[in-house]
Amino acid sequence: MKISIINKSNNPLPKYESRLAAGMDIRAYLPESVTLQPMERRLIPTGLFISLPEGYEAQIRPRSGLALKRGLTVLNTPGTIDADYRGEIGVILINMSGEAQTIESGERICQMIIARVEQADLVEVTTLDATERGEGGFGHSGTK
């Protein structure tokens, strides 16, 4: 699949960092570094603009290493970029650690996954079909 992209940053284009990677790493594009205090969130620009084909979305997800090592994660994960959005990709990062964390321009801050989506037609009814699970949820099956 080919996706049109405009790169207004001085960073390389997003790429898959391994042959079987599901996500492409996205980099911050900042005029100066940004420091996030504990529990602070900020919209981080990327300088990237994409045109997705109809029937697809781009999902913005955290990078596991940033989450584990520095407590930085994507707040609305996964963030969705719709096929008709043409604005700059922005990433809502939050610092979940107990220490200030500085983000530098060019730093890989998240990953982007391209996924097929379907739009559903909702049909209003008065009852639903029965299943073995029924209304059980929120841990109803236990932990072991």
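Two strands count as paired if DSSP finds at least two bridges between them. That rule underlies one link in this predicted model: Y56 has R116 in β12 as its bridge partner. Strand β12 covers residues 108-116. The strand recurs below, in the sheet, in the core and in the salt bridges.

**The sheet**

- Five strands make up an open sheet. Their order is β2-β3-β12-β7-β9, and the pairing is antiparallel.
- The edges belong to β2 and β9 (79-81). Each has a single partner strand, so one side of each is left without a neighbour in the sheet.
- β3 and β12 run antiparallel and are joined by four bridges.
- Within that pairing, D25 has Q111 in β12 as its bridge partner.
- β7 and β12 also pair in the antiparallel sense, over six bridges.
- A58 stands opposite I114 in β12.
- In a regular strand, side chains alternate between the two faces of the sheet.

**Salt bridges around R108**

- The model has five salt bridges in total.
- R108 and E17 form one of them, with their closest N and O atoms 3.8 Å apart.
- R108 lies in strand β12, while E17 lies in the loop between β2 (15-16) and β3 (24-27). The pair therefore ties together parts that are 91 residues apart in sequence.
- R108 is partly exposed, at 27% relative accessibility. E17 is partly exposed too, at 40%.
- R108 also meets D25 in a salt bridge, at 2.7 Å from N to O.
- Here the partner sits in strand β3, so this pair ties together parts that are 83 residues apart in sequence.
- D25 counts as buried because its relative accessibility is 10%, and the cut-off for buried is under 20%.
- E17, D25, R63 and R108 are linked in a network of salt bridges.

**The E107–R70 salt bridge**

- E107 forms a salt bridge with R70, and their closest N and O atoms are 2.4 Å apart.
- This pair links distant parts of the chain. E107 is in the loop between β11 (101-103) and β12, and R70 is in helix α1 (residues 64-70). The two are 37 residues apart.
- E107 is buried, with a relative accessible area of 17%.
- R70 is partly exposed, at 21% relative accessibility.

**The nonpolar core**

- The largest nonpolar core has 24 residues.
- Those with the most contacts inside this core are I44, I60, L93, I103, I109 and M112.
- Several strands each supply at least two residues of this core. They are β3, β4 (34-36), β6 (48-51), β7 (56-61), β8 (72-74), β10 (90-95) and β12.
- β12 gives the most to this core, with three residues.
- I103 touches many residues that are more than four places away in sequence, among them A28, L30, V34, L36 and L72.
- The contacts of I103 also include I44, L93 and I109. Those three are named alongside I103 as residues with the most contacts inside the core.
- R70 touches I103 as well. R70 is thus a salt-bridge partner of E107 and a contact of I103.

**A look at I94**

- I94 has its place in strand β10.
- I94 is buried, at 6% relative accessibility.
- Leaving out residues up to four places away in sequence, I94 touches L36, M39, E40, R41, G71, L72, T73 and L75.
- L36 and L72 are contacts of I94, and both also touch I103.
- The C-alpha atoms of I94 and N76 are separated by 9.6 Å. Along the chain, the two residues are 18 residues apart.

**Rings**

- The structure holds zero aromatic pairs.
- The ring of F49 has a charge over it. The charged end of K8 sits there, 4.9 Å from the ring centre.

Definitions and conventions
Residues are numbered from 1 along each chain as its sequence is written. This is a predicted model: local features need pLDDT of at least 70, side-chain atom pairs count only at pLDDT 80 or more; totals for chains, interfaces and linings use all residues. Side-chain values use heavy atoms; hydrogens and water are left out. A salt bridge is a side-chain nitrogen of Lys or Arg within 4 Å of a carboxyl oxygen of Asp or Glu. Buried means under 20% relative accessible area, exposed over 50%, partly exposed in between (1.4 Å probe, protein chains only). A nonpolar core is a set of buried Ala, Val, Leu, Ile, Met, Phe, Trp, Tyr and Cys residues joined through side-chain atoms within 4.5 Å. Contact means heavy atoms within 4.5 Å. Rings of Phe, Tyr and Trp (its six-membered ring) pair if their centres lie within 6.5 Å; planes under 30 degrees apart count as stacked, over 60 as edge-to-face and the rest as tilted. A charge sits over a ring if NZ of Lys or CZ of Arg is within 6 Å of the ring centre and within 35 degrees of the ring normal.
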